[in-house]
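Reader: Please take a close look at one part of this model, the place where the two chains meet, and follow it into the chains behind it.

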Amino acid sequence: MPHTNSYLADIQELNLSYLLLAQNMLRKDRDVAIFRLKLSENMADLLTGLSSKQMTQLSRVNQLICRPIFEEADRISKALDNSRELGMVEIHTSLLMAAADRSDGMLSNGV
Amino acid sequence: MSEKSLVTEMQQVQLAIELIQLGARLQVVETETSLTRGRLIRLYKEVRGAPPPKGMLPFSTDWFITWLPNIHSSLFYNIYRSMLEIGGHRIDAFIKAYRLYMEHASDADGERVLGLTRAWTLVRFVENGMLEQIRCSCCSGEFITHSYSPTQNYVCGICQPPSRAGKTLKKRDIEPDNLDSLRPASQG
């Protein structure tokens, strides 16, 4: 199916772009990068130290390596679907994301 | 008597320049660096091309509770708290958080709602327990409020804006057009 293949190429490209961007940002200003990318300390160390070969290997999977950081979908939908919205959606989302969880682990944190 | 380290002094001057460039009043720089007042005044003049403004810093906590300032203050404080957790160094976290906040603040109208001195005052007010964060029962965002205010059923100013919120701002945008249409037509 050509459809699936094009998704696969997009995902792998996105994976590589993400890894390159993350490493660049981390090397320039680690603290700000951790904030923007919502990384744990361990993940920040890992991404900073990746070689180009490792990056290529990591990006060549059939799944996306990053995912939305919103813990609860309904919090974000409240920011997006505000009936009395006054041009505040970006600021509201940014505020909610600024406090987002940066801790390790997908499984340990599934509260 | 220990001679002051040149490197430390350089760093202090660098920090002072950065703060002044971002719009800090002299009192802020004086508190956050170990440089003397005389040198800071000279530095201020060199960086901004004008003598530092005189007078006291804004000292009211009420400003941070009013509608638009509260939203901006809360956004800034959320960023600052995260940066403090990540980096651990207070003034570093403050400057980085302020730059991150500016990315959002300057795209609306180019006008910064929360100036650097205000942001600094906000951090001090929270440190001194005069202001604190409260969780909105609707969006679960953390917003700035007076300490010891009732925490039950708090709803933030974005989820439930006051009835006239944002009206004055829009009026200002429309006004020039209205004035044009009122002018005598003879000019055309």
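Author: What follows covers the interface, then one residue of chain B, then the chain A side.

This is a predicted model, in which local features need pLDDT of at least 70, side-chain atom pairs count only at pLDDT 80 or more, and totals for chains, interfaces and linings use all residues. Residues are numbered from 1 along each chain as its sequence is written, chains are lettered from A and ligands numbered from 1 in the order in which they are written, and side-chain values use heavy atoms, with hydrogens and water left out.

At the interface, 31 residues of chain B are in contact with 22 residues of chain A; contact means heavy atoms within 4.5 Å. The size of an interface is often given as the accessible area lost when the parts come together. Here the two chains bury about 2400 Å² between them, 65% of it on carbon and sulfur atoms. Buried area is the accessible area (1.4 Å probe) that two parts lose on being put together, summed over both. On the chain B side, I86(B), H104(B) and I158(B) lose the most area to chain A, together accounting for 24% of what that side buries.

Three salt bridges are counted between chain B and chain A, a salt bridge being a side-chain nitrogen of Lys or Arg within 4 Å of a carboxyl oxygen of Asp or Glu. R36(A) forms a salt bridge with E103(B), with 2.7 Å between the closest N and O atoms. Four residue pairs, both members at pLDDT 80 or more, are in polar contact across the interface. A polar contact is a pair of N or O atoms within 3.5 Å; within protein, one must be able to donate a hydrogen and the other to accept it, and residues adjacent in sequence count only if both atoms are side-chain atoms.

The elements α4 (67-87), α5 (90-109) and β2 (142-146) of chain B each supply at least two residues of the side that touches chain A. Helices (H or I, at least four residues) and strands (E, at least two) are DSSP runs, numbered from the N terminus. The largest share of that side, 13 residues, comes from α4(B).

R81(B) is also placed in helix α4 of chain B. With 30% relative accessibility, R81(B) counts as partly exposed; buried means under 20% relative accessible area, exposed over 50%, and partly exposed in between (1.4 Å probe, protein chains only). Not counting residues up to four places away in sequence, R81(B) touches Q133(B) and E142(B). The side chains of R81(B) and Q133(B) make a polar contact at 2.6 Å.

Chain A has six helices and zero strands, and 32% of its 111 residues count as buried. One buried residue is Q23(A), at a relative accessible area of 9%. Q23(A) lies in helix α1 (residues 2-28) of chain A, and its contacts, leaving out residues up to four places away in sequence, are L47(A), T48(A), G49(A), L50(A) and M55(A).

In helix α5 (residues 73-80) of chain A, the residues R75(A), I76(A) and A79(A) are buried. Seen down the axis of α5(A), these buried residues fall within an arc of 95°, so they line one face of the helix; the arc is that of the directions from the helix axis to the C-beta atoms. The face turned away from the buried side of α5(A) carries the exposed residues A73(A) and L80(A). The cover over the buried residues of α5(A) includes α6 (89-98) of chain A.
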